[in-house]
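I opened this model to look up what surrounds the ligand and to check one backbone angle. My entries are below.

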Amino acid sequence: MTHRDPILMGPGPCNPYPEVMEAFARPVLGHLDPDFIGLMDEVGDRLRTVFRTTNRLTFAVSGTGSAGMEAAFVNFVGPGDVVVIGVNGVFGGRMCDVAERCGAEVVRVDAPWGTPIDPQSLLDAHPSPAVIAVVHAETSTGVRNDLEVLGTGKGDALLLADCVTSLGGIDLQIDAWGVDIAYSGTQKCLGVPPGLAPLTVSDRALDRIRQRPQSWYLDLNMIAGYVTGEGARAYHHTAPISMLYAIHAGLGVVLDEGPEAVRDRHQACGDALQAGLEARGFELFAQEGSRLPQLTSVWVPADRLPDGMTEAQVRTRLLFDYGIEIGGGLGELAGKGWRIGLMGHTARRRNVTLLLAALDDILV
Ligand code: PLP
C-alpha cells in the first residue's frame, strides 16, 4: 500500500483548470431551480461557440465521452442502416462496435495506425450510406483525420464525428465543415474532469432522428425539447449539477482566454514537445502533417532505457518522482511506445520542459 502525498504531485497532467475545481465547491442547486436552468442555457451557448455551430440541439450529455458516442449512434442508426466508419485506432473500432449493436450494416474502412484515413476512401466505400463516421482526433495514435472533405462530399449521408480529443485543442468547425452529429468529452482539451459528453446535432440530422431508439436514457426525443428550450422544462433525469458547474467554468476559461489562443497554446506545446523528443533521437509514431499537438505518440528507443528497466517502469518513475503521468502505447505501440497528452490546463510549456528534463534524468 502506498500513501502518496498529493502536494508532491504538483501541476500533474490530469489537473483541470483551477476555476473548474472552485466551481465544484458551489452550493448545489436543485436541477429545476431557475438559476440552474439559466446555467444550463449558458453551457449550451458556450458549447455552440467552441463547437462553432448554431445548432439548437447542443448540450452536455450526462455521462463520459462514450455516452456521447452511444447517443450519437442510437438516435440516428437503426437495423439495416449502412454506416461507413473509418478505423485507424481504438476509437474508430469502438464506433463499429456501437453501430453493430444498433443493427447497422457497418462498412469499415481501415487505415494503418499512425496514418490518417484518406477521406476519399470513406466517400467511395458505399454509394448511399445513411451515416459516415470518423474520429477527428484518434487518441490511441495521435493522428488527426480530415472532416472538411467528408462534409463537402457526404451527399445525402449524415456526417458523424468523434470530437472527444479535438474539441478545444485543434481547429473544429461544425457548421462550416458540414458535420451533422458530433460529441466530445470534458476531460480532454476542455480542462474539466471526466463526466459529461458535449453533443451537437444539426437540424438536418434532427429530421432523421429515430422515434424510439434502443435507449431510454439517451433518447434525444425525450430531452431535445428540454435542451433546445422549445419544449417544457420537465424532469427527465437528475442532472449532475456539479459537473455542469464544472463545464460552465471550464468553457468560461476557454472563452476568456479565447478559443483561438487556447488552440495556439496546445499547438505551441505540442510542437515544443515533438521537437524536443526528436532532438533527443526519439521517433514520432504519427505521420507528419497529421500529428495532433495535444496527443503525441512516440516510439521508445530500447537502447535508451537504463539497464533492466522497461518502458512501463520509466512511466512509473515519471509518475512517482516527477508527478508526470504519460500513457502507454496501444496496438503496435503497446510496450514499445508512449502517448503523451498536453490538454486543457496541462498544455503548458512548464510541463513540456519538466517532462523533457525528467527524461534526460532517467534515460541513458
Ligand atoms: N473517443 C475518443 C477519441 C477518446 O479518446 C475517448 C476516451 O479517451 C472516448 C471516445 C471515450 O470517452 P470516455 O472514456 O470519456 O467515455
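These notes cover the ligand shell and then one loop residue.

Entry 1, the model. I am working from a predicted model.

Entry 2, the shell. I looked up which residues surround the ligand and found 13 of them. The closest are Thr 64, Ser 66, Thr 139, Asp 162 and Lys 188. I then sorted the shell by residue class: 6 residues are polar, 4 are nonpolar and 3 are charged.

Entry 3, polar contacts. I checked which side chains put an N or O atom close to a polar ligand atom. For Thr 139, an N or O atom of the side chain is 2.4 Å from an oxygen atom of the ligand. For Thr 64, I read 2.7 Å between a polar side-chain atom and a ligand oxygen atom. Asp 162 pairs with a nitrogen atom of the ligand instead, with a side-chain N or O atom 2.6 Å away.

Entry 4, cover. I asked how much of the ligand's accessible area the protein covers. On its own the ligand has 390 Å² of accessible area, and the protein covers 87% of this. I also looked up which elements give two or more residues to the shell, and they are helix H3 (65–74) and helix H4 (90–101).

Entry 5, a backbone angle. I noted a positive phi, near 55 degrees, at Arg 52, which is not a glycine. I placed Arg 52 in the loop that runs between helix H2 (34–51) and strand S1 (57–62). Is Arg 52 buried or exposed? Its relative accessibility is 40%, so I list Arg 52 as partly exposed; that class lies between the cut-offs of 20% and 50%.

Key:
Residues are numbered from 1 along each chain as its sequence is written. This is a predicted model: local features need pLDDT of at least 70, side-chain atom pairs count only at pLDDT 80 or more; totals for chains, interfaces and linings use all residues. Side-chain values use heavy atoms; hydrogens and water are left out. A residue is near a molecule or strand if one of its heavy atoms lies within 4 Å of it. A polar contact is a pair of N or O atoms within 3.5 Å; within protein, one must be able to donate a hydrogen and the other to accept it, and residues adjacent in sequence count only if both atoms are side-chain atoms. Accessible areas come from the Shrake-Rupley method with a 1.4 Å probe; for residues, only the protein chains shown count as cover. Helices (H or I, at least four residues) and strands (E, at least two) are DSSP runs, numbered from the N terminus. Ala, Val, Leu, Ile, Met, Phe, Trp, Tyr, Cys and Pro count as nonpolar, Asp, Glu, Lys and Arg as charged, and the others, Gly among them, as polar. Buried means under 20% relative accessible area, exposed over 50%, partly exposed in between (1.4 Å probe, protein chains only).
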